[in-house]
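Trainee: I have a new model open. Can we go through how to read its features?
Mentor: Yes. Ask as you look.

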Amino acid sequence: QVQLVEFGGGLVQPGGSLRLSCLAPGIVFSTYTTGWYRQVPGKQRELVADIAPGGTTTYSDSVKGRCTISRDSAKNTIDLQMNSLKPEDTATYYCNAWRHDFAETNDYWGPGTQVTVSS
């Protein structure tokens, strides 16, 4: 079973920056649609940003202009650079990778990393 691993969460003041990274032992990120999601207690998990195998990126309206998702194929990592952080960005952030393989969909998640934006 593939297990993604996230790094980089923590406590940051409003207006600050954080960079999250995701590793994927056992899969090649560039062949998956990979992304970052976030979730707060009592709410549904929501997409923050994703990047398709061809490089097309998608961002939620709430982070557009403040976050950048990138893929390093040599290191096989997915990063999320978050700037101008707001208290409402506080959440557990999850890395995800999925793709269709013939008749099935392979969908992998990390355990999550906590991001807290507070003064």
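Trainee: Which residue in strand 8 does Leu-18 stand opposite?
Mentor: Keep in mind that this is a predicted model. Strands of a sheet pair through backbone hydrogen bonds, either parallel or antiparallel. Here, Leu-18 faces Met-82 in strand 8. Strand 3 and strand 8 run antiparallel and share six bridges.

Trainee: What is the strand order of the sheet that holds them?
Mentor: The order is 1-3-8-7. These four strands make an open sheet with antiparallel pairing. Strand 1 (5–7) and strand 7 are the edge strands, each pairing on one side only. From one strand to the next, the twist averages 15°.

Trainee: Now the interior. Which residues touch the most other members of the largest nonpolar core?
Mentor: The idea is to look for buried nonpolar side chains that join up through contacts. The largest such core has 29 residues. Leu-4, Ile-27, Phe-29, Trp-36, Leu-80, Met-82 and Tyr-93 touch the most other members. Several strands give two or more residues to this core, among them strand 3 (18–23), strand 5 (46–51) and strand 11 (113–117). Strand 9 gives the largest share, four residues.

Trainee: What is Leu-4 in contact with, leaving aside neighbours within four places in sequence?
Mentor: Its contacts include Cys-22, Ile-27 and Phe-29. Leu-4 also contacts Cys-95, Tyr-108 and Trp-109, among others.

Trainee: Two of those are aromatic residues from further along. How many aromatic pairs does the structure hold?
Mentor: Two. Read each pair by the distance between ring centres and the angle between planes. Tyr-32 and Tyr-108 are tilted, with 6.1 Å centre to centre and 50° between the planes. Tyr-32 is in the loop between strand 3 and strand 4 (33–39), while Tyr-108 is in strand 10, 76 residues apart. Tyr-32 is buried at 4% relative accessible area. Tyr-108 is buried as well, at 12%.

Trainee: Why is the pair of Tyr-37 and Trp-109 called edge-to-face?
Mentor: Their planes are at 65° and their centres 5.1 Å apart, so the pair is edge-to-face. The cut-off for that label is over 60 degrees. Tyr-37 in strand 4 and Trp-109 in strand 10 are 72 residues apart. Tyr-37 counts as buried at 19% relative accessibility. Trp-109 is partly exposed, at 28%.

Trainee: Which ring does the charged end of Arg-45 sit over, 4.7 Å from its centre?
Mentor: That ring belongs to Trp-109. Arg-45 also lies over the face of Tyr-94, at 3.6 Å from the ring centre.

Trainee: Last topic, the backbone. What is phi of Asn-76 near?
Mentor: Most residues other than glycine have a negative phi, and most peptide bonds are trans. Asn-76 has a positive phi, near 60°, and is not a glycine. Asn-76 sits in the loop between strand 7 and strand 8.

Trainee: Where does Phe-102 lie?
Mentor: Phe-102 is in the loop between strand 9 and strand 10 (104–109). Phe-102 has a positive phi too, about 55°, although it is not a glycine.

Trainee: Is Phe-102 buried or exposed?
Mentor: Exposed, at 90% relative accessibility. Asn-76 counts as buried, at 18%. The cut-off for buried is under 20%.

Note on methods: Residues numbered from 1 in each chain as written. Predicted model: local features only at pLDDT ≥ 70, side-chain atom pairs only at ≥ 80, totals over all residues. Heavy atoms only, no water. Core = buried A, V, L, I, M, F, W, Y, C linked by side-chain atoms within 4.5 Å. Buried < 20%, exposed > 50% of the residue type's maximum accessible area, 1.4 Å probe, protein only. Contact = heavy atoms within 4.5 Å. Pairing = 2+ DSSP bridges. Axes fitted to C-alpha atoms, helices over the stretch in contact; angles between N-to-C directions. Phe/Tyr/Trp six-rings, centres within 6.5 Å; stacked < 30°, edge-to-face > 60°. Lys NZ or Arg CZ within 6 Å of the ring centre and 35° of its normal.
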